[in-house]
2 protein chains.
Amino acid sequence: MSDRELSAKALALDAKQASFALAASSAASRAAALEAIAAALEARREEIFAANAEDLATAKAEGIAAPVLKRLKFDEGKLRDVCRGLRDLAAMEDPIGHEQLRTELADGMILSRVSCPIGVVGVIFESRPDALVQIAGLCLKSGNAVLLKGGREAMRSNAVLYDVLREASEAAGMPKGWAGLLTTREDVGVMLKMDGAIDLIIPRGSNAFVRYIMDNSRIPVLGHSDGVCHLYLDKGCDAEMAARIAVDAKTQYPAACNAAETLLVHSEELHRALPVVADALAKAGVRLIGDERAAQVIACEAATEADWAAEYLDDVISIRVVDSLQEAIAHINRYGSHHTDCIITADDEAAKVFFALVDSAGVYRNCSTRFADGFRYGFGAEVGISTGKIHARGPMGLEGLCSYKYILCGSGDIVADFAQGRREFTHRKLL
Amino acid sequence: MSDRELSAKALALDAKQASFALAASSAASRAAALEAIAAALEARREEIFAANAEDLATAKAEGIAAPVLKRLKFDEGKLRDVCRGLRDLAAMEDPIGHEQLRTELADGMILSRVSCPIGVVGVIFESRPDALVQIAGLCLKSGNAVLLKGGREAMRSNAVLYDVLREASEAAGMPKGWAGLLTTREDVGVMLKMDGAIDLIIPRGSNAFVRYIMDNSRIPVLGHSDGVCHLYLDKGCDAEMAARIAVDAKTQYPAACNAAETLLVHSEELHRALPVVADALAKAGVRLIGDERAAQVIACEAATEADWAAEYLDDVISIRVVDSLQEAIAHINRYGSHHTDCIITADDEAAKVFFALVDSAGVYRNCSTRFADGFRYGFGAEVGISTGKIHARGPMGLEGLCSYKYILCGSGDIVADFAQGRREFTHRKLL
């Protein structure tokens, strides 16, 4: 085993060890540590900016694209945002130790279920250095130890940010090793095999990358793969509202997973709402790719089967005409990615059917799919958006980072007494 | 692809199709279907008993062990139990459509989170035909389509039971194909690859089997692997109570995953509680395997390192002497299987520390580990006991078979208005 592998393994084992102490730490101590990290980040700002400037210079020299450079930048504004984020987290209600149920099983035996941290969470994230602070903050607030693997481009920025947060949090009493920084691809390989030490992996990245992780680890994986979100224009919808929402859902940030990729249009709206929406999208600079019926009404390129499953992540949208709400729903469940899908309708009954039958984390009516986000949902932040249905679905905040345990208190109770009919269960709900 | 593979694939795709309709079905219709299944099972009892008699005869001819034969038997008593179970389920509160949160995101925009079925659940279970009915009942109540793969020994019983439940439920209006019966090992192989159609796999079986499933599928897997449960005798514990609980936890049903496998004893109890407990266990026919210190006080075989991780599933227990509560906790977290562990103590503070630091689905005080069970917890039944920390932990009943979706209703709201400061989020909790 190489030194690098040994070191990644040691970080994971340290995190596991720290996770026990962290699970037993007080809400006040974790909140104080979050405040301490914010203060330390502010105190060491120049060091952070200098490291980030080096990362930016290297990235520019390597000819990295402008949008990536923008994400890589960690300036005064980003520092202010992450520090505010940490202080907001510190002030939020503690997610750990909540009693979720309390039942009297039988006279004198009380069962309760209490929220607790998951343990050790491994997060693989992209080139934004601010993501490192956000993710570590969410994990600390929820009592989880964390292994952080950031993008290569942000290497120097991440190293300094990590050093600040580790030092400040440990000085504030958090257990040594609760956060570990992994830096190489080789480290990720080591992480995937450590199912004894790591409880959950959250990969933020491409669909292919997420599948690679799932195929190569026994550790549970949460996170989204694709974001193929739909807007469905129901018959009788408000065309102006549809146009406004379509432009926002497509162009407000086309590279986001919650941007719309396909517009479904009820055939009765072919000559009414479709031209209005298509015109607004075209004016906003969006390339339109439509099926045959759409092409008879609006100017667009010809769609192929591949377009229905495409995540363009760009100013491009596919358009398909359907003959019913049911056909729209079937299309979404077949080609979509179970992320966020919206119906534009004035019909309450149609919305109800759409909500019940569309199998997605977010089912919307009359608003932009871009609202699918932990901050916008009021969760403070998110470690990812889950398109799976197990554990957490949609934007994953503090609650998604918690598990629970059952606590049973008795006074010498044995099962034989119940099996042999000497005692009976009462199952009285106390909460 | 063989006919068999095609057929397993078709069952999975049918289940996926049915899952959408099932998710939108009413609570009353699902409850009525459960009642209809119970009535049909009673009506076709002779047919069921005849098939079961054939399975039993084959198993006997093959020289299958007595405990397996006992589990395989489906008689009047078992029929009564499963029918009562189905009717209890029908009467329980519906787990689907519960509003779990409601937040005003901004003026006129309401976000709610509503429980919904997971979709299609694949369950691989052991030789008990009654398990087929129980699992199908839990899935139907929670609106999930299900693929059932039972033990080979129960093949004929399962075929009849499945036929009854499918026919009765479909006649009662449940969507065709909501339940599918898989019969071969080859079917399981097909199932593992169908990550587009199946949302969750619950394998009930050996540790090696569960790991095999995890290594060969991208589909999330829930369920327990081992059951290495501990009893820790804290200093000052009530020795008589400890003896009573130890005998129950070890011998009431030693083959169960919630039976105790290791006794940890505080060194101050070496001469006081240990002999009392060891004596009671020996009298109950339990083989004792102890470490060196224990062997100085009680008659026992010498333990090796392998004993601390052993799941005996038999009348055998390992005994280790520890010098502190912390050492006991460290032993449990290192060698245990995160299932259920109990402290016998009169000390509230010690119990508190044990509850916080032991990383198991169940942390108990002064009662038998055998209480870890969905029925005993008041969940009606269970599809399995999860020793993982993602999604569901401990006995997994209806709640563990549910996911949720976020519903967002607006009136033309777009993200650009918030991004550009024209509107602000209110995040007002309405629930």
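Which residue of chain A comes closest to the rotation axis? That would be A:His391, with its C-alpha at 1.8 Å from the axis. Keep in mind throughout that this is a predicted model.

**How the two copies relate**

Let's start with the axis itself. A turn of 180°, with a shift of 0.0 Å along the axis, lays chain A on chain B with an RMSD of 0.0 Å. The two copies are therefore related as by a two-fold rotation axis. Both copies also use the same surface to meet each other, since 100% of the contact residues of chain A recur in chain B.

**One chain on its own**

If you look at chain A alone, you'll find 16 helices and 17 strands. Its C-alpha atoms fill a box of roughly 75 × 70 × 40 Å, taken along the principal axes. Of the 431 residues in chain A, 56% are buried. As for how the chain folds back on itself, take the contacts in chain A with a separation of 6 or more: 72% of them are between residues 24 or more positions apart.

**Where the chains touch**

Each side puts in its share: 62 residues from chain A and 62 residues from chain B make up the contact. On the chain A side, strand 16 (residues 402-413) gives the most, with eleven residues. Sorted by class, that side of chain A has 32 nonpolar, 17 polar and 13 charged residues.

Strand 16 also turns up in strand pairing across the contact. Strand 13 (residues 362-367) of chain A runs parallel to strand 16 of chain B, and five bridges join the two. Within this pairing, A:Gly362 sits opposite B:Tyr406. The reciprocal pairing is there too: strand 16 of chain A and strand 13 of chain B are parallel and share five bridges. Here A:Leu408 faces B:Tyr364.

How well covered is strand 13 of chain B? Mostly covered, with six of its six residues buried. Besides its partner in chain A, strand 13 of chain B has a parallel neighbour in its own chain, strand 12 (residues 340-344), joined to it by four bridges. One of the facing pairs there is B:Asp341 with B:Val363. Add helix 15 (residues 348-357) of chain B, and strand 12, the helix and strand 13 make a right-handed β-α-β unit.

Here are the parallel strand pairings side by side, including one that comes up again in the next section:

| First strand | Second strand | Bridges |
|---|---|---|
| Strand 13, chain A | Strand 16, chain B | five bridges |
| Strand 16, chain A | Strand 13, chain B | five bridges |
| Strand 12, chain B | Strand 13, chain B | four bridges |
| Strand 4, chain B | Strand 5, chain B | four bridges |

**A sheet in chain B**

Chain B also holds an open sheet of four strands with parallel pairing, in the order 5-4-3-6. Its edges are strand 5 (179-182) and strand 6 (200-203), each of which pairs on one side only. From one strand to the next, the twist averages 15°.

Zooming in on strand 4 (residues 145-149) and strand 5 of chain B, you'll see them run parallel with four bridges between them. B:Val146 stands opposite B:Ala179 in this pair. Helix 6 (residues 129-141) of chain B packs on the sheet and touches strand 3 (120-124), strand 4 and strand 5. The direction of helix 6 makes about 165° with that of strand 4 of chain B.

Technical notes. Residues are numbered from 1 along each chain as its sequence is written. Chains are lettered from A and ligands numbered from 1 in the order in which they are written. This is a predicted model: local features need pLDDT of at least 70, side-chain atom pairs count only at pLDDT 80 or more; totals for chains, interfaces and linings use all residues. Copies are superposed by least squares on the C-alpha atoms of residues with pLDDT of at least 70 in both. Two residues are in contact if their C-beta atoms, placed from the backbone, lie within 7 Å. Ala, Val, Leu, Ile, Met, Phe, Trp, Tyr, Cys and Pro count as nonpolar, Asp, Glu, Lys and Arg as charged, and the others, Gly among them, as polar. Two strands pair if DSSP finds at least two bridges between them. A residue is buried if 20 or more other C-beta atoms lie within 10 Å of its own, exposed if 12 or fewer, and partly exposed in between; C-beta atoms are placed from the backbone. A crossover is right-handed if, with the strands pointing away from the viewer, the path from the first strand over the helix to the second runs clockwise. Axes are lines fitted to C-alpha atoms, for helices over the stretch in contact, and angles run from 0 to 180 degrees between N-to-C directions.
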